[in-house]
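Work through these exercises with the structure open. Try each task before reading its solution.

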Amino acid sequence: MPCLVTVGGFYGDEGKGKIVAYLARKDNASIAVRGGVGPNAGHTFTFEGKTYKVRMLPSAALSPSTRLLIGAGVLVNPQVLQDEIAMFGADDRTYIDGQCGIIEQSHIERDKSEDHLKSTVGTTGTGTGPANSDRALRVLKLAKDIPELSLYIEDVSNSVNYALDSKENVIVEGTQGTYLSLFHGGYPYVTSKDVTASGICADVGIGPKRVDDVLVVFKAYVTRVGGGPLNNEISEEEAKTRGWLEYGSVTGRQRRASPFDMDLAKRAIRLNSGTQLAVTKLDVLYPQSAGVQDFSKLPAEARKFIEGIEGETGLRVTLIGTGPEIYDVVDRRS
Ligand code: IMP
Ligand code: MG
């Protein structure tokens, strides 16, 4: 902090939501601001036994003193947003930029019916690709055109820059993952925008010199939903045996899985100019890690795995996820 950008280092679903939920509470962030595509992302976190999922709000929704902002580059589904605001009672601390694009029913229908999107790319069907295509054509509605959102409209770039001028802690929450980037991922099996750290900053309206830290979040293994290549993909049977079988939080689709990929990790660090790393779900690889908060209490093999990543990448793994609860974290910052 003060300006920390979190991004996914693989194909999304690295556990960014839990990391952001932890950081916001732990560091008393004054702002969490979401960049990325829109409600195609689902960020999940668990607090005191209850699991929450956000598709529009930043994952800091459980941090009562944190303002929840959505940057201009993000697409908003008004219904999803309003449901989440109600769920978290976040009416008085949610602000969206007037220039956020609006997803309408017609975008969702196109996303679900166009064969290329549905069958080849395997999109989430949430309307984001067609909406961004309309935005490029400059026919998309913006948040400032929607009366029921008027309460929440703010100049988000201005708020974030002002908070940074005042030395407040700001978390910029990226969504999706590096290899889903429209520019840097495996086209056409990608999402409809760049989602690397630079793109996320552009979404929010901060320039590159405002960023203090880029936290690249990896999971202890790799998963991907939808089409496209996945190196060293393991079978469904094998994924089940290893406990790596997961289901998409937005679509419920089964995620494909492969072991941690060091080459992808190194390239992601370069594409995002990562300064520190998080590795989530270490407890899935090493069950004795579950709930551990102290590095020295991790099993030796698990420590070796983390140190291996540090040795190969030259960056410190500052945060390690050891379970679904927000505070199931080894925090090695300081
Ligand atoms: P779209 O973003 O819905 O257009 O989908 C394009 C590709 O990105 C598909 O393979 C989706 O499964 C994937 N995708 C988009 N958002 C996420 C996410 O938040 N997590 C994981 N995969 C995603
Ligand atoms: Mg997700």
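**Exercise 1. Find which atom of ligand 1 pairs with a polar side-chain atom of Asp-13, and at what distance. Then trace the rest of the ligand's surroundings.**

Step 1. Start at Asp-13. A polar atom of its side chain sits 3.3 Å from a nitrogen atom of ligand 1. Keep in mind that this is a predicted model.

Step 2. Turn to the oxygen atoms of the ligand. One oxygen atom lies 2.6 Å from an N or O atom in the side chain of Thr-124. An oxygen atom of ligand 1 is also 2.9 Å from a polar side-chain atom of Arg-253.

Step 3. Check the cover. On its own, ligand 1 has 470 Å² of accessible area, and the protein covers 97% of that.

Step 4. List the shell. It holds 16 residues, and Asn-40 and Thr-191 are among the closest. Sorted by class, the shell has eight polar, six nonpolar and two charged residues.

**Exercise 2. Identify the residues that coordinate the magnesium ion, ligand 2. Place them in the chain and classify their exposure.**

Step 1. Name the donors. Asp-13 coordinates through OD and Gly-42 through O, at 2.0 to 2.5 Å.

Step 2. Place them. Asp-13 is in the loop between strand E1 (3-8) and helix H1 (16-26). Gly-42 is in the loop between strand E2 (31-34) and strand E3 (43-47). The two are 29 residues apart, so the pair links distant parts of the chain.

Step 3. Apply the cut-off: buried means under 20% relative accessible area. Gly-42 has 14% relative accessibility, so this residue counts as buried. Asp-13 counts as partly exposed because its value is 23%.

**Exercise 3. Is Glu-14 buried or exposed? Describe its setting.**

Step 1. Locate the residue. Glu-14 is in the loop between E1 and H1.

Step 2. Read its accessibility. The relative accessible area is 1%, so Glu-14 is buried.

Step 3. Look for a polar partner. The Glu-14 side chain reaches the backbone nitrogen of Gly-9 at 3.4 Å.

Step 4. Add the contacts beyond four places in sequence. Glu-14 touches several residues, including Gln-176, Val-217, Phe-218, Lys-219 and Thr-280.

**Exercise 4. Which backbone nitrogen lies 3.1 Å from a polar side-chain atom of Asn-77? Add the residue's location and contacts.**

Step 1. Place Asn-77 in the loop between strand E6 (75-76) and helix H2 (78-88).

Step 2. The partner is the backbone nitrogen of Gln-79.

Step 3. Asn-77 is buried because its relative accessible area is 12%.

Step 4. Leaving out residues up to four places away in sequence, Asn-77 touches Pro-39, Met-56, Ile-103 and Ile-108.

Notes:
Residues numbered from 1 in each chain as written. Chains lettered and ligands numbered in written order. Predicted model: local features only at pLDDT ≥ 70, side-chain atom pairs only at ≥ 80, totals over all residues. Heavy atoms only, no water. Near = heavy atom within 4 Å. Polar contact = N/O pair within 3.5 Å; in protein donor to acceptor, adjacent residues only side chain to side chain. Areas by Shrake-Rupley, 256 points an atom, 1.4 Å probe, with all protein chains shown as cover. Nonpolar A, V, L, I, M, F, W, Y, C, P; charged D, E, K, R; others polar. Donors = N, O, S within 2.8 Å, 3.2 Å for Na, K, Ca; no water. Helix = DSSP H or I, 4+ residues; strand = E, 2+ residues; numbered from the N terminus. Buried < 20%, exposed > 50% of the residue type's maximum accessible area, 1.4 Å probe, protein only. Contact = heavy atoms within 4.5 Å.
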